[in-house]
Amino acid sequence: MRFGVVTLFPEMVAAAAAYGVTGRAIERNIVGLSLWNPRDYTSDRHRTVDDRPYGGGPGMVMKYQPLHDAVIAAKQEGTESTKVVYLSPQGKPVTQALLADASKTSHIILIAGRYEGIDERFVELDCDDEWSIGDYVISGGELAALVVIDAVTRLLPGVLGDEDSAQQDSHSDGLLDCPHYTRPEQIAERLVPEVLMGGNHKDIERWRMKQALGRTWQRRPDLLKRKNLSAEQENLLKEFIVELV
Ligand code: 9D3
């Protein structure tokens with residue numbers, strides 16, 4: 001998988017991507033990361049990348065030409081199937097399903113905007129899709145690009161260890177995680193749940209599924225509505241609810 005990121009802050013993207021799972025995937029050549037600065041594709045003395053909005057109003061808009069020339073350069077090192085994605089608050093919501101689909105593409109170019117936005121003709125003429133990472137305001141597309149790179153990288157074969165990969169396609173898929181505990185056994189008045197202290201793996205698995213179902217029901221009923229629960233899961237959730245009292 002090759003990622004290109006078109007950004008006015010390439011050092012920001014390079015720095016964060018060098019850590020952890022993404023950093024290791026880049027070192028192992030499972031992932032390639034290229035950075036393209038629209039400022040390098042300007043020809044005026046001030047290397048201008050922004051301009052005032054037609055129609056007036058506050059803030060500045062990223063100019064078409066530096067973005068276009070940067071994305072043309074980024075496309076040169078691509079293979080056949082390149083997907084150009086503009087990251088913006090107006091985009092379609094990024095979900096695990098959307099990212100899983102994107103992970104089948106061999107080359108993804110992410111456009112990180114700054115200022116109030118970019119010239120709409122760049123979105124229309126140069127971009128294949130527009131994605132948002134959620135309904136909140138961040139200051140530019142770089143952090144969104146890093147979110148996409150991280151989440152897609154985790155889906156690539158060979159990136160995660162066996163245990164983490166197995167967890168990815170486990171039966172608790174689409175549910176919130178169960179609570180986790182490690183030593184010590186007691187903190188303030190809080191003890192580790194009894195079932196986790198015994199070695200009954202069947203009981204532990206059932207307890208974890210019950211917690212995952214219960215927390216999803218409490219905190220994210222929207223996720224539960226889109227899931228088909230097994231008879232066993234229905235029973236565990238009923239148990240969780242009656243035990244609340
Ligand atoms: C407060 C400024 N807003 C005016 C009503 C518009 C606005 C412009 C630029 C809001 C955010 C941004 C910068 N955001 C992104 O580039 C961005 C983003 C986001 O803010 N939220 C969720 N996903 C994304 S992806 C890129």
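User: In this model, how many bridges join strand 4 to strand 7, and how do the two strands run?
Analyst: The model is a predicted one, and within it three strands, in the order 3-4-7, make up an open sheet whose pairing is mixed. In that sheet strand 4, which covers residues 61-62, runs parallel to strand 7, and the number of bridges joining them is 2.

User: Which strands are the edge strands of this open sheet?
Analyst: The sheet is open, with its strands in the order 3-4-7. An edge strand here is one that pairs on one side only, and that description applies to strand 3 (50-51) and strand 7 (117-118).

User: Which residue of strand 7 is the bridge partner of V61?
Analyst: Strand 4, residues 61-62, is joined to strand 7 by 2 bridges. For V61, the partner found in strand 7 is G117.

User: Which strand gives the most residues to the shell around the ligand?
Analyst: The ligand is surrounded by 16 residues, and the closest of them are I133, G134, Y136, I138 and G140. Both strand 5 (82-93) and strand 8 (129-132) supply at least two residues of this shell. The largest contribution, 3 residues, comes from strand 5.

User: How many residues of the shell around the ligand are nonpolar, polar and charged?
Analyst: The ligand has 16 residues around it. Sorted by class, this shell holds 9 nonpolar, 6 polar and 1 charged residues.

User: What is the distance from a nitrogen atom of the ligand to a polar backbone atom of Y136?
Analyst: Polar backbone atoms face the ligand at several residues, including I133, where a ligand nitrogen is 3.1 Å away, and G141, where a ligand oxygen is 3.3 Å away. At Y136, the distance from a ligand nitrogen to a polar backbone atom is 2.8 Å.

User: What percentage of the ligand's accessible area does the protein cover?
Analyst: The space that the ligand takes is the second largest pocket. On its own the ligand has 570 Å² of accessible area, and the share of this that the protein covers is 71%.

User: Which two residues does the cis peptide bond with omega of about 5° join?
Analyst: One partner in this bond, P184, lies in the loop between helix 7 (162-168) and strand 9 (186-187). With omega at about 5°, the cis peptide bond joins R183 and P184.

User: What is the approximate phi of R47?
Analyst: R47 is placed in the loop that lies between strand 2 (32-36) and strand 3. Although R47 is a residue other than glycine, its phi is positive, with a value near 55°.

Technical notes. Residues are numbered from 1 along each chain as its sequence is written. This is a predicted model: local features need pLDDT of at least 70, side-chain atom pairs count only at pLDDT 80 or more; totals for chains, interfaces and linings use all residues. Side-chain values use heavy atoms; hydrogens and water are left out. Two strands pair if DSSP finds at least two bridges between them. Helices (H or I, at least four residues) and strands (E, at least two) are DSSP runs, numbered from the N terminus. A residue is near a molecule or strand if one of its heavy atoms lies within 4 Å of it. A polar contact is a pair of N or O atoms within 3.5 Å; within protein, one must be able to donate a hydrogen and the other to accept it, and residues adjacent in sequence count only if both atoms are side-chain atoms. Accessible areas come from the Shrake-Rupley method with a 1.4 Å probe; for residues, only the protein chains shown count as cover. On a 1 Å grid over the protein atoms alone, a cavity is a set of points where a 1.4 Å probe fits but cannot get out, and a pocket is an open set with protein on both sides within 12 Å along at least five of seven lines; lining residues have an atom within 4 Å of a point. A molecule sits in a cavity or pocket if more than half of its atoms lie within 2 Å of its grid points. Ala, Val, Leu, Ile, Met, Phe, Trp, Tyr, Cys and Pro count as nonpolar, Asp, Glu, Lys and Arg as charged, and the others, Gly among them, as polar.
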